Amino acid sequence: MSFLPERTILGQLEIIEVYDFYDKPVLFSCKNKSGLIFIVLCVDSSEFAEIWLYASMSSSRFQSVVQGGVELRDIFIYTEDAFVYQVEIPYEDDLNAVVKTVDCNEIQDEYLPGLGQRIQSKDNYDDPNIETVSTQRRREILDFVLQFPEKEIAEAPVGDLGLILYSLQETIDAIGQIKQGKSESHIIQQEVKQKTQVVMSGVFSGSFGMRLQGNVYEEDSLGLGESFLGQCLKEFIQLINLGANTEELPPKLNVLKSKTVFKYTELLKALTRIGISKLHIDWASPGKKVQTGEIELETMFKVLDVIKNTKLRAETEIYVNVILTQINYSSRTTTLQEVGSRKKYKCFIADSAIKDVETITKTIVYVATIQDYVILSPVIDKEKHEYELLSLKLQT
């Protein structure tokens, strides 16, 4: 069960900050894609569902709220619209949340906080101890530092910086697609993007640092004590730290699949263009020690070369009716044409198919099992395919 309702009139929600946590966020702020902000409080639970109150507010009122200027009780009984949303979220995943409006003067008293309580947003952007920030906010924290040849800078080119952040998010999204067990060929689903989204919460010098944060969804920990986003960030940090290791990097690339590799390539290219000497990342997950990722500019170029020369095994094998066009036994290559189309497969003949092609002729239709390999070209932003013939059988 997700504590954020989906497919309701509240819209697609994302958390801004968590203020109280008990097994899950129980008091937090969030907003929808239209920019409408809510303060949310878990007020009751039953055998079948949890009950939450959503108080919508303007940006100016929100700033007053998080600075402690409004009592928590008053947030709900004096809303700007004179009503709150009462949301019932069933424990069963296949049941939809129920949303209804309740006039402020009709909210059950037992649902309201006691007098004197206030929200105080912790401004920890400059806190050097990101372990503390992560634990207090129940968020994944990344200090993403672009180290320039100059020791301290307070600015960075907007175009390059935007491309770096965009490519970083897309890389994490693609890793999330794989961690979720989804096909890499599919469009990344919104439910994955919601869990892998990171936001910028501050910048700092030395050379140019950005603090990025992402939500922790406990229901996605999969019994590993990690959030779903945390698992994706662990993969990303490992990828960074592998550098251009020619023995370990290609197997990792094959695990993460071509979509992740392509997005990672885009990130590395963006980093090489901005003129940094090194990328340094500190990552903190709630209750865990800080982990570090680091890659130098020279290594980025080497990684791009490794990627260019790595064959990525496609998810699925190709099964197709073919006829023989050409075969060369000495080079162990054959060209097969798909029956009924102009598509041709120039294949290397695997050991498993050697006996299959000993008596192959051009007049017979065969069923070919072909492994597809993807080779990325970081230079021209394209991919090419190579094929390996695994077996060749007579059509039945």
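Where is the place of V133? Select it: V133 sits in helix 3. Helices (H or I, at least four residues) and strands (E, at least two) are DSSP runs, numbered from the N terminus. Residues are numbered from 1 along each chain as its sequence is written. This is a predicted model, in which local features need pLDDT of at least 70, side-chain atom pairs count only at pLDDT 80 or more, and totals for chains, interfaces and linings use all residues, while side-chain values use heavy atoms, with hydrogens and water left out.

**Stop 1: helix 3**

Stay on V133. Its relative accessibility is 1%, so V133 counts as buried. Buried means under 20% relative accessible area, exposed over 50%, and partly exposed in between (1.4 Å probe, protein chains only). Now add P286. V133 and P286 are 153 residues apart in sequence, yet 8.5 Å apart in space, C-alpha to C-alpha.

Widen the selection to residues 130-137, which form helix 3. The buried residues here are I130, V133, S134 and R137. They lie on the same side of helix 3, because they cover an arc of only 95 degrees around the axis. The arc is that of the directions from the helix axis to the C-beta atoms. Strand 1, strand 7, strand 9 and strand 10 are among the elements that cover them. Step just past the helix to R138, which takes a positive phi of about 55 degrees.

**Stop 2: the sheet of five**

Show strands 7 to 11. They make an open sheet of 5 strands in the order 8-9-7-10-11, with antiparallel pairing. At its edges stand strand 8 (198-205) and strand 11 (291-296); each has a single partner strand, so one side of each is left without a neighbour in the sheet. Neighbouring strands are turned by 20 degrees against each other on average, direction ignored. Two strands pair if DSSP finds at least two bridges between them. Strand 7 and strand 9 pair over 8 bridges, in the antiparallel sense. For one of these pairings, pick L142: its bridge partner in strand 9 is L212.

Next, bring in two helices. Helix 4 lies across strand 7, strand 8 and strand 9, at about 30 degrees to strand 9. Helix 8 lies across strand 10 and strand 11, at about 80 degrees to strand 11. Axes are lines fitted to C-alpha atoms, for helices over the stretch in contact, and angles run from 0 to 180 degrees between N-to-C directions.

**Stop 3: D173**

Zoom to D173 in helix 4. Is D173 buried or exposed? At 7% relative accessibility, D173 counts as buried. Leaving aside neighbours within four places in sequence, D173 is in contact with I188, V192, K193 and T196. Contact means heavy atoms within 4.5 Å.

**Stop 4: the cores**

Select F144, L146, Y264, L271 and L279. They have the most contacts inside the largest nonpolar core, which has 46 residues. A nonpolar core is a set of buried Ala, Val, Leu, Ile, Met, Phe, Trp, Tyr and Cys residues joined through side-chain atoms within 4.5 Å. Helix 7 gives the largest share of this core, 10 residues. Click L279. Beyond its neighbours within four places in sequence, L279 touches F144, V145, L146, I240, L271, G293, E294, I295 and M300. A second, separate core of 24 residues includes L72, F76, V102 and Y111.

**Stop 5: the sheet of six**

Move to strands 1 to 6. They form an open sheet of 6 strands in the order 1-2-3-4-5-6, with antiparallel pairing. Strand 1 (13-21) and strand 6 (98-103) are the edge strands, each pairing on one side only. The twist averages 30 degrees from one strand to the next. Strand 5 (residues 83-90) and strand 6 pair in the antiparallel sense over 6 bridges. Pick V87 to see its bridge partner in strand 6, V99.

**Stop 6: helix 1**

Select residues 59-66, helix 1. Its buried residues are R61, F62, V65 and V66. They sit on the same side of helix 1, because their arc around the axis is only 130 degrees. They pack against strand 1, strand 2 (25-32), strand 3 (37-45), strand 4 (49-57) and helix 2 (72-77). Just after helix 1, G68 takes a positive phi of about 85 degrees.

**Last stop: cysteines**

How many disulfides does the structure hold? It holds 0 disulfides, a disulfide being a pair of cysteine sulfur atoms within 2.5 Å. Select C30: the nearest cysteine sulfur, that of C42, is 13 Å away. C30 counts as buried, at 0% relative accessibility. Finish at C347, which is buried with a relative accessible area of 1%.
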